[in-house]
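Student: Hi! I have a protein model open and would like some help reading it. Could we go through it together?

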Amino acid sequence: MGAADGGTSPGLLDRATLGSRVRDYLLVEIANGRLAPGSPVRELDIAKRLGTSQTPVREAFRELAAFGLLEARSHVGTRVREVGERELAEAVPVRAALEAVAARLAAPHVAADPSRLEAALDELVRVATLDDRLAYANACTQFHREVVRSAQNDSLLRAWNALGIEIMTIMTMLTNEEPLDVAAEGHRGIVEALASGDAERSVAIVNAHVAAYIPGATEPPVHVTA
């Protein structure tokens, strides 16, 4: 199937995938302090370093700028932005509110067919064994996206996607030390609640789960399972 009959061309898919990889590379550099606040970042330099064209780098820059990790100024160029814990934390209740709405709407649908969400959990648990925090963060994003997708509300899914959940999750996982197997198992209660069809219980568990990841928390997330 080609572009003319509604398909996605391999070239477009490759560019999108490459852009995500460039974004993830920059996130790791920022999280590890190798790109400190105020550091200049140039499309051409990053493209040369990664052996790619400037197009996926430009896409990554736009995504990171939209989330507030990069800023572009006239006559100065693009720099890594100073992002405080408070600013990151402000996104958490917004995400929690959206996922609570999603949980309420998704409960009857997941109860009718929990297979997709169970598969997302299985993948999350599998990836946790790889001891790769970046891969885990991406699998975690897919799990939560499946929760929201299960609500079967396109407006809700668009609003959730607009928060930059991938970036939020990657930054969280790269800067906290919770064991990945513990983090993965912390999602099991969400699946069990939704599969039971209990909307109120699902909302409570999702709220507690998301709120536990506020940046700067001194204790590891507490996972509610009942």
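Student: Let's start with one residue: is Val-203 buried or exposed?

Tutor: Val-203 is buried, because its relative accessible area is 9% and the cut-off for buried is under 20%. Keep in mind that this is a predicted model.

Student: Where does Val-203 lie?

Tutor: Val-203 lies in helix α11, which covers residues 199-211.

Student: And what is Val-203 in contact with, leaving aside its neighbours within four places in sequence?

Tutor: Setting those neighbours aside, Val-203 has contacts with Ala-100, Ala-103 and Arg-104. Look at Ala-102 too: 101 residues separate it from Val-203 in sequence, yet their C-alpha atoms are 8.4 Å apart in space.

Student: Cool. How many helices and strands does the chain have?

Tutor: The chain has 11 helices and 3 strands. Starting at the N terminus, the order is α-β-α-α-β-β-α-α-α-α-α-α-α-α.

Student: What order do the strands have in the sheet?

Tutor: The order is β1-β3-β2, in an open sheet with antiparallel pairing. The edge strands, β1 (40-41) and β2 (70-73), each pair on one side only.

Student: How many bridges join β1 to β3?

Tutor: There are 2 bridges between β1 and β3, and β3 spans residues 77-80. If you click on Pro-40, look for Arg-79 in β3, its bridge partner.

Student: New topic: how many residues does helix α6 have?

Tutor: Helix α6 has 17 residues, 133-149. From first C-alpha to last it reaches 24 Å, close to the 24 Å expected at 1.5 Å a residue.

Student: What caps its N-terminal end?

Tutor: Asp-132 caps that end of α6, with a side-chain oxygen 3.1 Å from the backbone nitrogen of Leu-134.

Student: Which residues in α6 are buried?

Tutor: Among them are Tyr-136, Ala-137, Cys-140, Phe-143 and Val-147.

Student: Which residues have the most contacts inside the largest nonpolar core?

Tutor: They are Leu-26, Leu-69, Tyr-136, Phe-143 and Leu-194, in a core of 63 residues. Helix α4 (residues 85-112) gives the largest share of this core, 10 residues.

Student: Why would nonpolar side chains be buried together?

Tutor: In soluble globular proteins, that is what nonpolar side chains tend to do.

Student: Back to Tyr-136: what is it in contact with, not counting neighbours within four places?

Tutor: Its contacts include Leu-124, Val-127, Met-173, Leu-180 and His-187.

Student: Last one: what percentage of the chain's residues are buried?

Tutor: Buried residues make up 42% of the 226 in the chain.

Terms used. Residues numbered from 1 in each chain as written. Predicted model: local features only at pLDDT ≥ 70, side-chain atom pairs only at ≥ 80, totals over all residues. Heavy atoms only, no water. Helix = DSSP H or I, 4+ residues; strand = E, 2+ residues; numbered from the N terminus. Expected span 1.5 Å × (residues − 1). Buried < 20%, exposed > 50% of the residue type's maximum accessible area, 1.4 Å probe, protein only. Polar contact = N/O pair within 3.5 Å; in protein donor to acceptor, adjacent residues only side chain to side chain. Core = buried A, V, L, I, M, F, W, Y, C linked by side-chain atoms within 4.5 Å. Contact = heavy atoms within 4.5 Å. Pairing = 2+ DSSP bridges.
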